[in-house]
Each structure stands twice: as C-alpha cells, then as structure tokens.
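Hi,

Here is the structure I promised to pass on. Have a look at it first, and then read on for what turned up.

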Amino acid sequence: MSMGRTGSKYQDLGRIMDFLHDYEVFHDWKVWQVKNAIIEAVDNQKYFLHWRRRTGYPIECLGFCTYAFLTRKEIEKDSWQGKEVFAREEGEVFYFPTFVCRGGTKEIYRFVSSIQKFIWEKYPDVETCESYRSKLQGSDRMQLWKVNQPLMDKEIRYE
C-alpha cells in the first residue's frame, strides 16, 4: 500500500472520481460541489491518495483525503470557497473537508498513519486537525486528530 501521488494531478483526479462512483453519498453531489471540494484541492495539490499497485492490475485507489486551512466561521457555516481555502498555506484550523477510505480498519489506520507523518514533516507547527466524521451508516460528529506526536510514536488518537 502506498500514499501519495500516482501520476499527474489529472490522473489522480480521474482515480478519485472513479473511487467516488462507488459511494452512493456522492451520487447526489452537484458539479459545483465536486469542483469546490475535490477539483480545487487537486489543482492546489492539497490531497492524499491511498492506493495499491498489484502486478498485472491498474492502480487501485483505496482512499483519498483533501486538506486545507479553514476559519472557524467557515467550518461552523459549512460554507467555504475551494479556490480560496485550498490555496492557503496557513490559517486558523487545519481541516480535512473530505476523507474516504475503504478496505477496513487496517487500511484506514495505514492511511491515517501516512497522513500523520506527512503533516508532521510538512506542517510541524500544526498540533491538531479537524474533520466532520460521517459514517456511511448515518452517524455524524466532529473529530479531532492529534498530530503533534513524534514520528516514533505511531499511536493515532481520536477525541
């Protein structure tokens, strides 16, 4: 399993769109929502892919995540402009607008661990990341990721 880019950002965008096709929750998204939440993230390279490459098979996308710096007001109103937020390099809240992973708990932890390592290396001053956790079965809640742990401490903690 690997995390990172699989080719050009447009190849990655195609893989993300193929991946989303399998999730009913995304079937109701409007074109502007896809552009705002996904295309703008890919254009600004503010995304992670979790994928698997097997001999004789095309690259299989197992998950993807977008990240941005949002203001508390943007989060509370659940309203933001992708072109603006994905262009920011710093801000009030490090946030994951979209996080989807399939493959079970083991794959989720692998993906999260890779994301934590990336944040630790690229954004060492970021202590926490937030996201809105929405399970496919219907439960929703805010989620806080603590990412200020040293790399040798692989524990991922949720609050």
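Read from start to end, the chain runs β-α-α-β-β-α-α-β-α-β-β-β. That gives five helices and seven strands. Please keep in mind that this is a predicted model.

Some overall figures may help you get your bearings. The chain has 159 residues, and 40% of them are buried. Its accessible surface is about 9500 Å², with carbon and sulfur atoms accounting for 49% of that. If you take the contacts between residues at least 6 apart in sequence, 59% of them join residues at least 24 apart.

The part I would like to show you is helix H2, which covers residues 31-43. How far does H2 span between its end C-alpha atoms? The span is only 16 Å, whereas a straight helix of 13 residues would reach 18 Å at 1.5 Å a residue. H2 also has a kink of about 30°, and the kink is centred on Ala37.

Ala37 is itself buried, and so are Val34, Asn36, Ile38, Glu40, Ala41 and Val42 in H2. Which elements cover these buried residues? Among them are two helices, H1 (9-21) and H4 (82-85), along with strands E2 (47-52), E3 (60-70) and E4 (93-101).

One last detail sits just after H2: Gln45 there has a positive phi of about 55°.

Enjoy exploring, and write back with any questions.

Best wishes

How values were computed:
Residues are numbered from 1 along each chain as its sequence is written. This is a predicted model: local features need pLDDT of at least 70, side-chain atom pairs count only at pLDDT 80 or more; totals for chains, interfaces and linings use all residues. Side-chain values use heavy atoms; hydrogens and water are left out. Helices (H or I, at least four residues) and strands (E, at least two) are DSSP runs, numbered from the N terminus. Buried means under 20% relative accessible area, exposed over 50%, partly exposed in between (1.4 Å probe, protein chains only). Contact means heavy atoms within 4.5 Å. Accessible areas come from the Shrake-Rupley method with a 1.4 Å probe; for residues, only the protein chains shown count as cover. The expected span of a helix is 1.5 Å times one less than its number of residues. The bend at a residue is the angle between axes fitted to the seven residues ending there and the seven starting there.
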